[in-house]
Amino acid sequence: MSGPGVPDGRGEPVEARREPKRSAYARGYTKKWDAAAKRFRQLYPLCGMRPLDDDGRDQVPVMSQCYDEQRVTAATQTDHVRPHRGDMTLFWDVTHNWQALCRRCGARKSQAGL
Ligand SMILES: [Zn+2]
(Lines give C-alpha, C1' and ligand atoms only; values in the text may rest on other atoms or scores of the structure.)
Protein backbone atom coordinates (compact mmCIF):
# COMPACT_ATOMS: atom_id res chain seq x y z
CA MET A 1 0.00 0.00 0.00
CA SER A 2 1.41 3.37 -0.99
CA GLY A 3 0.42 6.66 -2.51
CA PRO A 4 -0.96 9.97 -1.35
CA GLY A 5 -2.49 9.99 2.14
CA VAL A 6 -0.48 7.05 3.35
CA PRO A 7 1.77 8.17 6.20
CA ASP A 8 5.40 7.28 5.81
CA GLY A 9 6.20 7.73 9.48
CA ARG A 10 8.00 10.98 8.79
CA GLY A 11 5.01 13.29 8.68
CA GLU A 12 4.91 16.71 10.24
CA PRO A 13 7.29 17.18 13.15
CA VAL A 14 5.83 16.63 16.61
CA GLU A 15 6.64 20.24 17.51
CA ALA A 16 4.18 21.53 14.91
CA ARG A 17 1.35 19.50 16.37
CA ARG A 18 1.94 20.65 19.92
CA GLU A 19 -0.12 23.81 19.66
CA PRO A 20 -0.68 25.24 23.14
CA LYS A 21 -3.97 26.88 22.17
CA ARG A 22 -5.36 23.64 20.93
CA SER A 23 -4.39 21.62 23.97
CA ALA A 24 -5.88 24.23 26.31
CA TYR A 25 -9.05 24.06 24.26
CA ALA A 26 -8.97 20.29 24.46
CA ARG A 27 -8.71 20.55 28.25
CA GLY A 28 -12.00 22.42 28.30
CA TYR A 29 -10.79 26.01 28.10
CA THR A 30 -13.24 26.96 25.40
CA LYS A 31 -15.10 30.16 24.60
CA LYS A 32 -17.84 28.83 26.83
CA TRP A 33 -15.34 28.66 29.70
CA ASP A 34 -14.05 32.18 28.98
CA ALA A 35 -17.57 33.59 29.14
CA ALA A 36 -18.52 31.64 32.27
CA ALA A 37 -15.26 32.49 34.02
CA LYS A 38 -15.74 36.17 33.25
CA ARG A 39 -19.34 36.10 34.49
CA PHE A 40 -18.09 34.38 37.65
CA ARG A 41 -15.69 37.25 38.34
CA GLN A 42 -18.49 39.76 37.94
CA LEU A 43 -20.27 37.99 40.79
CA TYR A 44 -17.07 37.30 42.77
CA PRO A 45 -14.73 40.17 41.92
CA LEU A 46 -12.20 39.81 44.73
CA CYS A 47 -9.37 37.36 45.30
CA GLY A 48 -10.55 34.58 47.60
CA MET A 49 -14.26 34.86 46.87
CA ARG A 50 -16.25 31.65 46.42
CA PRO A 51 -19.93 30.85 46.06
CA LEU A 52 -21.83 29.72 49.14
CA ASP A 53 -22.14 25.96 49.48
CA ASP A 54 -25.41 24.03 49.07
CA ASP A 55 -26.44 24.94 52.62
CA GLY A 56 -25.71 28.63 52.12
CA ARG A 57 -22.49 28.61 54.09
CA ASP A 58 -19.27 30.41 53.28
CA GLN A 59 -16.51 28.31 51.77
CA VAL A 60 -12.88 29.02 52.57
CA PRO A 61 -10.80 29.67 49.47
CA VAL A 62 -7.69 27.64 48.78
CA MET A 63 -4.30 29.38 48.49
CA SER A 64 -5.69 32.89 48.58
CA GLN A 65 -3.10 34.83 50.52
CA CYS A 66 -5.24 37.94 50.07
CA TYR A 67 -8.13 36.26 51.87
CA ASP A 68 -5.84 34.92 54.61
CA GLU A 69 -4.39 38.37 55.21
CA GLN A 70 -7.74 40.13 54.73
CA ARG A 71 -6.43 42.08 51.79
CA VAL A 72 -8.81 43.43 49.18
CA THR A 73 -7.42 42.54 45.76
CA ALA A 74 -9.23 42.43 42.45
CA ALA A 75 -9.47 38.92 41.06
CA THR A 76 -8.04 38.38 37.60
CA GLN A 77 -8.70 34.69 37.17
CA THR A 78 -11.24 32.02 37.84
CA ASP A 79 -9.53 29.06 39.44
CA HIS A 80 -10.46 25.43 39.97
CA VAL A 81 -10.12 24.76 43.69
CA ARG A 82 -9.36 21.09 43.05
CA PRO A 83 -7.38 20.45 39.87
CA HIS A 84 -9.87 19.02 37.38
CA ARG A 85 -7.33 17.07 35.33
CA GLY A 86 -9.76 16.78 32.47
CA ASP A 87 -12.71 15.78 34.66
CA MET A 88 -15.53 17.87 33.19
CA THR A 89 -17.73 17.40 36.25
CA LEU A 90 -15.09 19.06 38.42
CA PHE A 91 -14.39 21.54 35.66
CA TRP A 92 -17.96 22.86 35.62
CA ASP A 93 -18.74 22.50 39.34
CA VAL A 94 -19.11 26.23 39.96
CA THR A 95 -20.51 25.90 43.47
CA HIS A 96 -17.88 23.57 44.86
CA ASN A 97 -14.87 23.99 42.65
CA TRP A 98 -14.56 27.56 41.45
CA GLN A 99 -12.91 30.48 43.20
CA ALA A 100 -11.71 33.91 42.19
CA LEU A 101 -8.01 34.63 42.53
CA CYS A 102 -5.69 37.49 41.78
CA ARG A 103 -2.72 36.95 39.52
CA ARG A 104 -0.24 36.47 42.36
CA CYS A 105 -2.30 33.97 44.32
CA GLY A 106 -3.14 32.11 41.11
CA ALA A 107 0.53 31.87 40.23
CA ARG A 108 1.43 30.64 43.71
CA LYS A 109 -1.27 28.01 43.55
CA SER A 110 -0.21 26.66 40.18
CA GLN A 111 3.42 26.72 41.30
CA ALA A 112 2.38 24.49 44.18
CA GLY A 113 0.97 22.10 41.59
CA LEU A 114 -2.65 22.79 42.54
ZN1 LIG B 1 -4.74 37.13 45.92
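What share of the contacts in the protein chain with a separation of 6 or more comes from residues 24 or more positions apart? It is 65%. Two residues are in contact here if their C-beta atoms, placed from the backbone, lie within 7 Å.

Some ground rules. This is a predicted model, where local features need pLDDT of at least 70, side-chain atom pairs count only at pLDDT 80 or more, and totals for chains, interfaces and linings use all residues. Residues are numbered from 1 along each chain as its sequence is written.

Now the layout. The protein chain has seven helices and two strands. Helices (H or I, at least four residues) and strands (E, at least two) are DSSP runs, numbered from the N terminus. Read from the N terminus, the order is α-α-α-α-β-α-α-β-α.

How much of the chain is buried? Of the 114 residues, 20% are. A word on that term. A residue is buried if 20 or more other C-beta atoms lie within 10 Å of its own, exposed if 12 or fewer, and partly exposed in between; these C-beta atoms are also placed from the backbone.

Let's go to the strands. β1 and β2 run antiparallel, and four bridges join them. Strands pair if DSSP finds at least two bridges between them. One example: Gln-77 has Leu-101 in β2 as its bridge partner. Now look at the two faces of β2. Both are covered. Trp-98 and Ala-100 are buried on one side, Gln-99 and Leu-101 on the other.

Next, the core. A nonpolar core is a set of buried Ala, Val, Leu, Ile, Met, Phe, Trp, Tyr and Cys residues joined through C-beta atoms within 7 Å. The largest one here has 13 residues. Which of them touch the most other members? Cys-47, Ala-75, Ala-100, Leu-101 and Cys-102 do. Two elements, α4 (65–68) and β2 (98–101), give two or more residues to this core. The largest share comes from β2, with three residues.

Stay with Ala-75 for a moment. Leave out residues up to four places away in sequence, and Ala-75 touches Arg-41, Tyr-44, Pro-45, Leu-46, Cys-47, Met-49, Ala-100, Leu-101 and Cys-102.

On to helix α4. Tyr-67 sits in this helix. Is Tyr-67 buried or exposed? Tyr-67 is buried, because 22 other C-beta atoms lie within 10 Å. Its contacts, again not counting residues up to four places away in sequence, are Cys-47, Gly-48 and Pro-61. Tyr-67 and Leu-101 are 34 residues apart along the chain, yet their C-alpha atoms are separated by 9.5 Å. Asp-68 is in helix α4 too. Asp-68 counts as exposed, because it has 12 C-beta neighbours inside 10 Å. The C-alpha atoms of Asp-68 and Gly-48 are 8.4 Å apart, with their positions 20 residues apart along the chain.

Now α7, residues 103–111. Cys-105, Gly-106 and Lys-109 are buried there. Why are they on the same side of α7? Because they cover an arc of only 100 degrees around the axis, taking the directions from the helix axis to the C-beta atoms. The general rule helps: an α-helix has 3.6 residues a turn, so residues three or four places apart point the same way. On the other side of α7, Ala-107 and Gln-111 are exposed. What covers the buried residues of α7? Among the elements that do are α4, β1 (77–80) and β2. After α7 comes Gly-113, with a positive phi near 80 degrees.

Compare that with α3. This helix has 13 residues, and one of them is buried, so α3 is hardly covered. From first C-alpha to last, α3 reaches 19 Å. That is close to the expected 18 Å, which is 1.5 Å times one less than the number of residues. Lys-38 is found in α3. Lys-38 is exposed, because 10 other C-beta atoms lie within 10 Å. Lys-38 and Thr-76 are 38 residues apart in sequence, and 9.1 Å apart from C-alpha to C-alpha.

Last, two backbone oddities. Met-63 is not a glycine, and its phi is positive, near 65 degrees. Met-63 is in the loop between α3 (31–43) and α4. Met-63 counts as partly exposed, because it has 19 C-beta neighbours inside 10 Å. Gln-70 is not a glycine either, and has a positive phi of about 55 degrees. Gln-70 is in the loop between α4 and β1. With 7 C-beta neighbours inside 10 Å, Gln-70 counts as exposed.
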